[in-house]
Amino acid sequence: MAHELTMEIGIDSFAASMSQKDSGNAKDRTESIALLLERIQHADESGLDVFGIGEHHRKEFLDSAPVVILAAAAARTKRIRLTSAVTVLSAADPVRVFQNYATLDLISQGRAEMVVGRGSFIEAYPLFGLNLDDYDELFIEKLNLLLRIRDNEFVNWSGRFRPAMINQPVYPRPFQEKLPIWQGVGGTPQSFVNAGTLGLPLMVAIIGGETHRFRPLIDLYRSAGKKAGHAPEKLKVGLHSFGYVASTNEEAVEDFFPGYVESITRIGKERGWSPPTRAQFDAQTAPRGAYLIGSPEEVAQKIIRHSEALGGISRVTFQMDGAALSHEKLMQSIGLIGSKLIPIIRESNAIAQSDL
(Lines give C-alpha, C1' and ligand atoms only; values in the text may rest on other atoms or scores of the structure.)
Protein backbone atom coordinates (compact mmCIF):
# COMPACT_ATOMS: atom_id res chain seq x y z
CA MET A 1 0.00 0.00 0.00
CA ALA A 2 1.77 3.14 -1.20
CA HIS A 3 -0.88 5.62 -0.06
CA GLU A 4 -4.61 5.50 0.32
CA LEU A 5 -7.34 6.55 -2.08
CA THR A 6 -9.38 8.06 0.73
CA MET A 7 -6.60 9.91 2.56
CA GLU A 8 -8.28 12.57 4.70
CA ILE A 9 -6.82 16.06 5.04
CA GLY A 10 -7.68 18.34 7.93
CA ILE A 11 -6.59 20.82 10.56
CA ASP A 12 -5.98 20.60 14.30
CA SER A 13 -6.34 23.73 16.43
CA PHE A 14 -5.49 24.50 20.03
CA ALA A 15 -7.85 27.49 19.96
CA ALA A 16 -4.92 29.83 20.45
CA SER A 17 -5.87 33.32 21.52
CA MET A 18 -5.50 35.66 18.55
CA SER A 19 -4.11 38.22 20.98
CA GLN A 20 -0.68 36.73 21.71
CA LYS A 21 0.04 39.36 24.35
CA ASP A 22 -3.12 38.20 26.17
CA SER A 23 -4.29 41.36 27.85
CA GLY A 24 -6.83 39.33 29.81
CA ASN A 25 -9.59 41.12 27.93
CA ALA A 26 -12.70 38.93 27.71
CA LYS A 27 -13.54 40.57 24.38
CA ASP A 28 -10.30 39.20 22.91
CA ARG A 29 -11.14 35.68 24.06
CA THR A 30 -14.69 35.96 22.75
CA GLU A 31 -13.43 37.16 19.37
CA SER A 32 -10.84 34.37 19.20
CA ILE A 33 -13.53 31.71 19.67
CA ALA A 34 -15.81 33.38 17.11
CA LEU A 35 -13.01 33.47 14.53
CA LEU A 36 -12.11 29.85 15.22
CA LEU A 37 -15.71 28.81 14.50
CA GLU A 38 -15.56 30.84 11.30
CA ARG A 39 -12.44 28.91 10.25
CA ILE A 40 -14.07 25.55 10.98
CA GLN A 41 -17.06 26.54 8.86
CA HIS A 42 -14.68 27.68 6.09
CA ALA A 43 -12.85 24.33 6.29
CA ASP A 44 -16.17 22.53 5.88
CA GLU A 45 -17.15 24.65 2.89
CA SER A 46 -13.66 24.30 1.36
CA GLY A 47 -13.84 20.50 1.28
CA LEU A 48 -11.51 19.58 4.15
CA ASP A 49 -12.30 16.23 5.75
CA VAL A 50 -11.69 16.76 9.45
CA PHE A 51 -11.16 19.49 12.06
CA GLY A 52 -9.71 18.72 15.49
CA ILE A 53 -9.64 20.74 18.70
CA GLY A 54 -6.94 20.04 21.27
CA GLU A 55 -7.17 20.11 25.04
CA HIS A 56 -4.93 22.34 27.14
CA HIS A 57 -5.26 24.07 30.47
CA ARG A 58 -3.03 27.08 29.77
CA LYS A 59 -3.66 30.80 29.47
CA GLU A 60 -2.71 31.08 25.79
CA PHE A 61 -5.11 28.36 24.62
CA LEU A 62 -8.91 28.40 24.84
CA ASP A 63 -9.50 24.67 24.37
CA SER A 64 -9.90 23.37 27.91
CA ALA A 65 -13.44 22.21 26.99
CA PRO A 66 -12.98 21.08 23.37
CA VAL A 67 -16.29 19.26 23.03
CA VAL A 68 -18.13 22.55 23.63
CA ILE A 69 -16.29 24.18 20.73
CA LEU A 70 -16.91 21.14 18.54
CA ALA A 71 -20.63 21.18 19.37
CA ALA A 72 -20.84 24.84 18.36
CA ALA A 73 -19.00 23.95 15.15
CA ALA A 74 -21.37 21.03 14.49
CA ALA A 75 -24.28 23.45 14.31
CA ARG A 76 -22.48 25.51 11.64
CA THR A 77 -21.15 22.70 9.44
CA LYS A 78 -22.59 19.95 7.26
CA ARG A 79 -20.00 17.35 6.30
CA ILE A 80 -16.64 17.83 8.03
CA ARG A 81 -15.72 15.30 10.73
CA LEU A 82 -15.18 16.83 14.19
CA THR A 83 -12.65 15.37 16.61
CA SER A 84 -10.58 16.02 19.70
CA ALA A 85 -6.86 16.42 19.18
CA VAL A 86 -6.24 15.09 21.78
CA THR A 87 -8.54 14.35 24.70
CA VAL A 88 -6.29 14.11 27.78
CA LEU A 89 -7.96 10.89 28.82
CA SER A 90 -5.64 10.28 31.77
CA ALA A 91 -7.10 13.33 33.52
CA ALA A 92 -10.74 12.69 32.66
CA ASP A 93 -13.60 10.39 33.62
CA PRO A 94 -14.11 8.00 30.67
CA VAL A 95 -17.85 7.83 31.36
CA ARG A 96 -18.19 11.59 30.98
CA VAL A 97 -15.88 11.66 27.96
CA PHE A 98 -18.03 9.08 26.21
CA GLN A 99 -21.26 10.90 27.09
CA ASN A 100 -19.88 14.19 25.78
CA TYR A 101 -18.74 12.77 22.45
CA ALA A 102 -21.84 10.60 22.03
CA THR A 103 -23.89 13.79 22.43
CA LEU A 104 -21.64 15.57 19.91
CA ASP A 105 -22.23 12.65 17.56
CA LEU A 106 -25.99 13.12 17.85
CA ILE A 107 -25.74 16.88 17.29
CA SER A 108 -23.50 16.38 14.23
CA GLN A 109 -25.50 13.39 12.94
CA GLY A 110 -22.57 10.99 12.97
CA ARG A 111 -19.52 13.21 12.43
CA ALA A 112 -17.90 12.96 15.88
CA GLU A 113 -14.62 11.23 16.68
CA MET A 114 -12.00 11.49 19.37
CA VAL A 115 -8.24 11.13 19.55
CA VAL A 116 -7.21 10.14 23.07
CA GLY A 117 -3.78 10.43 24.64
CA ARG A 118 -1.76 11.51 27.63
CA GLY A 119 -1.25 15.08 26.42
CA SER A 120 2.01 16.89 25.72
CA PHE A 121 1.59 19.25 28.71
CA ILE A 122 1.10 18.14 32.30
CA GLU A 123 -1.09 20.93 33.72
CA ALA A 124 -4.19 18.72 33.74
CA TYR A 125 -2.73 16.30 36.28
CA PRO A 126 -2.34 18.63 39.28
CA LEU A 127 -5.42 20.58 38.18
CA PHE A 128 -7.59 17.47 38.62
CA GLY A 129 -5.71 16.12 41.63
CA LEU A 130 -3.85 13.32 39.86
CA ASN A 131 -0.39 11.94 40.61
CA LEU A 132 2.12 12.10 37.77
CA ASP A 133 3.66 8.89 39.11
CA ASP A 134 0.51 7.19 37.77
CA TYR A 135 0.98 8.74 34.30
CA ASP A 136 1.02 5.48 32.31
CA GLU A 137 -1.33 3.44 34.50
CA LEU A 138 -3.99 6.15 34.41
CA PHE A 139 -4.08 6.20 30.63
CA ILE A 140 -4.11 2.44 30.14
CA GLU A 141 -6.89 1.87 32.65
CA LYS A 142 -9.04 4.73 31.42
CA LEU A 143 -8.63 3.80 27.77
CA ASN A 144 -9.73 0.26 28.51
CA LEU A 145 -12.82 1.57 30.32
CA LEU A 146 -13.63 4.01 27.50
CA LEU A 147 -13.52 1.18 24.95
CA ARG A 148 -15.67 -1.00 27.20
CA ILE A 149 -18.28 1.79 27.33
CA ARG A 150 -18.03 2.37 23.57
CA ASP A 151 -18.70 -1.31 22.86
CA ASN A 152 -21.31 -2.06 25.56
CA GLU A 153 -24.47 -0.27 26.64
CA PHE A 154 -24.31 -2.03 30.03
CA VAL A 155 -20.84 -1.92 31.56
CA ASN A 156 -19.11 -4.26 33.97
CA TRP A 157 -15.64 -3.06 34.95
CA SER A 158 -13.29 -2.49 37.89
CA GLY A 159 -9.94 -0.73 38.27
CA ARG A 160 -7.68 1.33 40.56
CA PHE A 161 -8.63 4.90 39.79
CA ARG A 162 -12.43 4.83 39.69
CA PRO A 163 -15.27 3.02 41.48
CA ALA A 164 -16.29 -0.26 39.86
CA MET A 165 -19.22 -0.39 37.44
CA ILE A 166 -21.62 -3.32 37.85
CA ASN A 167 -24.02 -3.73 34.93
CA GLN A 168 -24.38 0.06 34.69
CA PRO A 169 -25.83 1.55 31.50
CA VAL A 170 -24.16 4.59 29.93
CA TYR A 171 -26.27 7.02 27.89
CA PRO A 172 -26.72 8.54 25.42
CA ARG A 173 -25.55 6.10 22.79
CA PRO A 174 -24.03 7.81 19.73
CA PHE A 175 -25.48 8.24 16.24
CA GLN A 176 -22.72 6.05 14.78
CA GLU A 177 -22.85 2.37 15.59
CA LYS A 178 -19.26 2.56 16.85
CA LEU A 179 -17.86 5.96 17.83
CA PRO A 180 -14.39 6.26 16.26
CA ILE A 181 -11.60 6.45 18.85
CA TRP A 182 -8.00 7.02 17.71
CA GLN A 183 -4.95 6.77 19.96
CA GLY A 184 -2.62 9.75 19.79
CA VAL A 185 1.08 8.90 20.20
CA GLY A 186 4.47 10.58 20.18
CA GLY A 187 7.56 8.40 20.05
CA THR A 188 7.14 5.78 22.78
CA PRO A 189 7.30 2.25 21.29
CA GLN A 190 4.93 0.79 23.88
CA SER A 191 2.24 3.28 22.87
CA PHE A 192 2.43 2.05 19.26
CA VAL A 193 2.20 -1.57 20.44
CA ASN A 194 -0.75 -0.78 22.71
CA ALA A 195 -2.70 0.93 19.92
CA GLY A 196 -2.06 -1.99 17.57
CA THR A 197 -3.03 -4.59 20.15
CA LEU A 198 -6.33 -2.77 20.77
CA GLY A 199 -6.94 -2.34 17.03
CA LEU A 200 -7.25 1.44 17.31
CA PRO A 201 -6.39 3.83 14.48
CA LEU A 202 -3.16 5.66 15.27
CA MET A 203 -2.54 9.42 15.15
CA VAL A 204 1.20 10.13 15.21
CA ALA A 205 2.33 13.59 16.29
CA ILE A 206 5.60 14.34 14.50
CA ILE A 207 6.87 17.76 15.52
CA GLY A 208 10.52 17.32 14.63
CA GLY A 209 13.07 15.16 12.90
CA GLU A 210 12.57 13.30 9.65
CA THR A 211 9.20 11.64 9.19
CA HIS A 212 10.54 8.46 7.56
CA ARG A 213 12.36 7.61 10.80
CA PHE A 214 8.98 6.75 12.35
CA ARG A 215 8.56 3.77 9.99
CA PRO A 216 9.94 1.19 12.49
CA LEU A 217 7.45 2.36 15.12
CA ILE A 218 4.55 2.21 12.66
CA ASP A 219 5.67 -1.26 11.56
CA LEU A 220 5.61 -2.19 15.26
CA TYR A 221 2.01 -0.92 15.47
CA ARG A 222 0.90 -2.87 12.40
CA SER A 223 2.68 -6.00 13.58
CA ALA A 224 1.03 -5.81 17.03
CA GLY A 225 -2.36 -5.30 15.39
CA LYS A 226 -1.90 -8.26 13.07
CA LYS A 227 -0.73 -10.44 15.96
CA ALA A 228 -3.86 -9.49 17.91
CA GLY A 229 -6.03 -10.55 14.96
CA HIS A 230 -7.16 -7.13 13.72
CA ALA A 231 -7.88 -6.64 10.02
CA PRO A 232 -5.35 -4.42 8.19
CA GLU A 233 -8.04 -1.89 7.25
CA LYS A 234 -8.67 -1.23 10.97
CA LEU A 235 -5.02 -0.27 11.51
CA LYS A 236 -5.16 3.21 10.04
CA VAL A 237 -2.30 5.68 10.52
CA GLY A 238 -2.72 9.44 10.73
CA LEU A 239 -0.03 12.11 10.77
CA HIS A 240 -0.15 15.39 12.73
CA SER A 241 2.56 18.02 12.10
CA PHE A 242 3.11 21.74 12.03
CA GLY A 243 1.68 22.86 8.71
CA TYR A 244 0.73 25.93 6.71
CA VAL A 245 0.04 26.47 3.02
CA ALA A 246 0.54 29.75 1.15
CA SER A 247 0.75 30.63 -2.54
CA THR A 248 4.52 30.06 -2.64
CA ASN A 249 7.09 28.29 -0.50
CA GLU A 250 8.80 31.58 0.29
CA GLU A 251 5.59 33.22 1.45
CA ALA A 252 4.67 30.24 3.64
CA VAL A 253 8.06 30.14 5.34
CA GLU A 254 8.23 33.89 5.93
CA ASP A 255 4.68 33.95 7.31
CA PHE A 256 5.20 31.02 9.68
CA PHE A 257 8.74 31.41 10.99
CA PRO A 258 8.53 34.57 13.20
CA GLY A 259 5.56 33.41 15.28
CA TYR A 260 6.90 29.87 15.39
CA VAL A 261 10.19 31.03 16.91
CA GLU A 262 8.37 33.10 19.54
CA SER A 263 6.05 30.24 20.47
CA ILE A 264 8.65 27.47 20.62
CA THR A 265 11.08 29.69 22.52
CA ARG A 266 8.40 30.46 25.13
CA ILE A 267 7.50 26.78 25.60
CA GLY A 268 11.18 25.86 25.49
CA LYS A 269 11.93 28.00 28.53
CA GLU A 270 9.57 25.76 30.53
CA ARG A 271 11.16 22.59 29.24
CA GLY A 272 14.82 23.50 29.04
CA TRP A 273 15.04 23.62 25.24
CA SER A 274 17.35 25.92 23.32
CA PRO A 275 15.59 28.51 21.13
CA PRO A 276 15.07 27.18 17.56
CA THR A 277 17.33 28.51 14.84
CA ARG A 278 16.43 29.36 11.26
CA ALA A 279 18.67 26.53 10.06
CA GLN A 280 16.76 24.03 12.20
CA PHE A 281 13.46 25.35 10.91
CA ASP A 282 14.64 25.15 7.31
CA ALA A 283 15.67 21.54 7.89
CA GLN A 284 12.14 20.75 9.04
CA THR A 285 10.57 22.40 6.00
CA ALA A 286 13.00 20.64 3.63
CA PRO A 287 11.73 17.62 1.62
CA ARG A 288 12.54 15.04 4.32
CA GLY A 289 11.64 17.21 7.34
CA ALA A 290 8.44 16.87 9.34
CA TYR A 291 6.84 20.28 8.76
CA LEU A 292 4.16 20.63 6.07
CA ILE A 293 4.89 24.25 5.22
CA GLY A 294 5.03 25.58 1.64
CA SER A 295 3.00 25.94 -1.54
CA PRO A 296 0.06 23.60 -2.20
CA GLU A 297 2.08 21.67 -4.76
CA GLU A 298 5.16 21.25 -2.57
CA VAL A 299 3.19 20.26 0.53
CA ALA A 300 1.04 17.81 -1.43
CA GLN A 301 4.14 16.10 -2.79
CA LYS A 302 5.62 16.01 0.70
CA ILE A 303 2.49 14.33 2.06
CA ILE A 304 2.66 11.74 -0.71
CA ARG A 305 6.34 11.06 0.09
CA HIS A 306 5.51 10.75 3.79
CA SER A 307 2.75 8.26 3.01
CA GLU A 308 5.08 6.14 0.88
CA ALA A 309 7.82 6.26 3.53
CA LEU A 310 5.42 5.17 6.29
CA GLY A 311 3.69 2.38 4.35
CA GLY A 312 0.47 4.31 3.76
CA ILE A 313 -1.33 6.95 5.80
CA SER A 314 -5.06 7.56 6.07
CA ARG A 315 -5.18 11.07 7.52
CA VAL A 316 -3.01 14.19 7.70
CA THR A 317 -3.76 17.13 9.98
CA PHE A 318 -2.03 20.51 9.93
CA GLN A 319 -1.18 22.22 13.23
CA MET A 320 -1.24 25.95 12.40
CA ASP A 321 -1.64 27.44 15.87
CA GLY A 322 2.05 27.58 16.70
CA ALA A 323 2.90 30.66 14.66
CA ALA A 324 0.55 33.48 15.74
CA LEU A 325 -0.82 33.76 12.20
CA SER A 326 -3.64 36.20 11.57
CA HIS A 327 -7.19 35.00 11.00
CA GLU A 328 -6.96 36.22 7.41
CA LYS A 329 -3.80 34.19 6.76
CA LEU A 330 -5.36 31.09 8.31
CA MET A 331 -8.50 31.48 6.20
CA GLN A 332 -6.41 31.83 3.04
CA SER A 333 -4.42 28.72 3.95
CA ILE A 334 -7.58 26.68 4.56
CA GLY A 335 -8.89 27.78 1.19
CA LEU A 336 -5.68 26.74 -0.58
CA ILE A 337 -5.67 23.36 1.14
CA GLY A 338 -9.21 22.73 -0.09
CA SER A 339 -8.92 24.14 -3.61
CA LYS A 340 -5.33 23.28 -4.54
CA LEU A 341 -3.72 20.72 -2.22
CA ILE A 342 -6.52 18.17 -1.75
CA PRO A 343 -7.15 17.73 -5.51
CA ILE A 344 -3.44 16.92 -6.01
CA ILE A 345 -3.58 14.29 -3.26
CA ARG A 346 -6.79 12.78 -4.64
CA GLU A 347 -5.44 12.60 -8.19
CA SER A 348 -2.14 11.05 -7.08
CA ASN A 349 -3.86 8.47 -4.95
CA ALA A 350 -6.31 7.57 -7.73
CA ILE A 351 -3.39 6.98 -10.11
CA ALA A 352 -1.58 4.87 -7.49
CA GLN A 353 -4.71 2.74 -6.96
CA SER A 354 -5.24 2.24 -10.69
CA ASP A 355 -1.68 0.95 -11.00
CA LEU A 356 -2.25 -1.80 -8.42
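**Stop 1: the start of helix α3.** Select Asp93 and Val95 in this predicted model. At the start of α3, a side-chain oxygen of Asp93 comes to within 3.0 Å of the backbone nitrogen of Val95. Now extend your selection to the whole helix, residues 94-108. Its 15 residues reach 21 Å from the first C-alpha to the last, close to the 21 Å expected at 1.5 Å a residue.

**Stop 2: the buried side of α3.** Which residues of α3 are buried? Colour Pro94, Val95, Val97, Phe98, Gln99, Tyr101, Ala102, Leu104, Asp105 and Ser108 to see them. To look at what covers these buried residues, show α2 (66-74), β3 (81-84), β4 (87-88), β5 (114-117), α5 and β7 (165-169), which are among the covering elements. Then move on to Gln109, just after α3, and check its backbone: Gln109 has a positive phi of about 60 degrees.

**Stop 3: Asp136 in α5.** Helix α5 is part of the cover over α3, and Asp136 sits in α5. Is Asp136 buried, partly exposed or exposed? Its relative accessible area is 39%, so Asp136 is partly exposed. Add Ser191 and draw a distance between the two C-alpha atoms: Asp136 and Ser191 are 55 residues apart along the chain, and their C-alpha atoms are separated by 9.8 Å.

**Stop 4: the second largest pocket.** Centre the view on Pro180, Ile181, Pro201, Lys234 and Lys236, which lie nearest the centre of this pocket among its 22 lining residues. The volume of the second largest pocket is about 350 Å³. Two elements, α5 (135-151) and β8 (181-185), give two or more residues each to the lining. The largest share, 3 residues, is from α5. Colour the lining by class and you will find 11 charged, 8 nonpolar and 3 polar residues.

**Stop 5: the second largest cavity.** The count of cavities of 30 Å³ or more is 3. For the second largest, with a volume of about 60 Å³, select Ile11, Asp12, Ser13, Leu36, Arg39, Phe51, Met320, Asp321, Leu330 and Ile334, which line it. Which elements each supply at least two residues of this lining? Show β1 (8-13), α1 (26-45) and α11 (327-354). The largest share, 3 residues, comes from β1. By class, the lining of this cavity holds 6 nonpolar, 3 charged and 1 polar residues.

Definitions and conventions: Residues numbered from 1 in each chain as written. Predicted model: local features only at pLDDT ≥ 70, side-chain atom pairs only at ≥ 80, totals over all residues. Heavy atoms only, no water. 1 Å grid on protein atoms, 1.4 Å probe; cavity = no way out; pocket = protein on both sides within 12 Å on 5 of 7 lines; lining within 4 Å. Points joined across faces, edges and corners; volume = space filled by probe spheres on them. Helix = DSSP H or I, 4+ residues; strand = E, 2+ residues; numbered from the N terminus. Nonpolar A, V, L, I, M, F, W, Y, C, P; charged D, E, K, R; others polar. Buried < 20%, exposed > 50% of the residue type's maximum accessible area, 1.4 Å probe, protein only. Expected span 1.5 Å × (residues − 1). Contact = heavy atoms within 4.5 Å. Polar contact = N/O pair within 3.5 Å; in protein donor to acceptor, adjacent residues only side chain to side chain.
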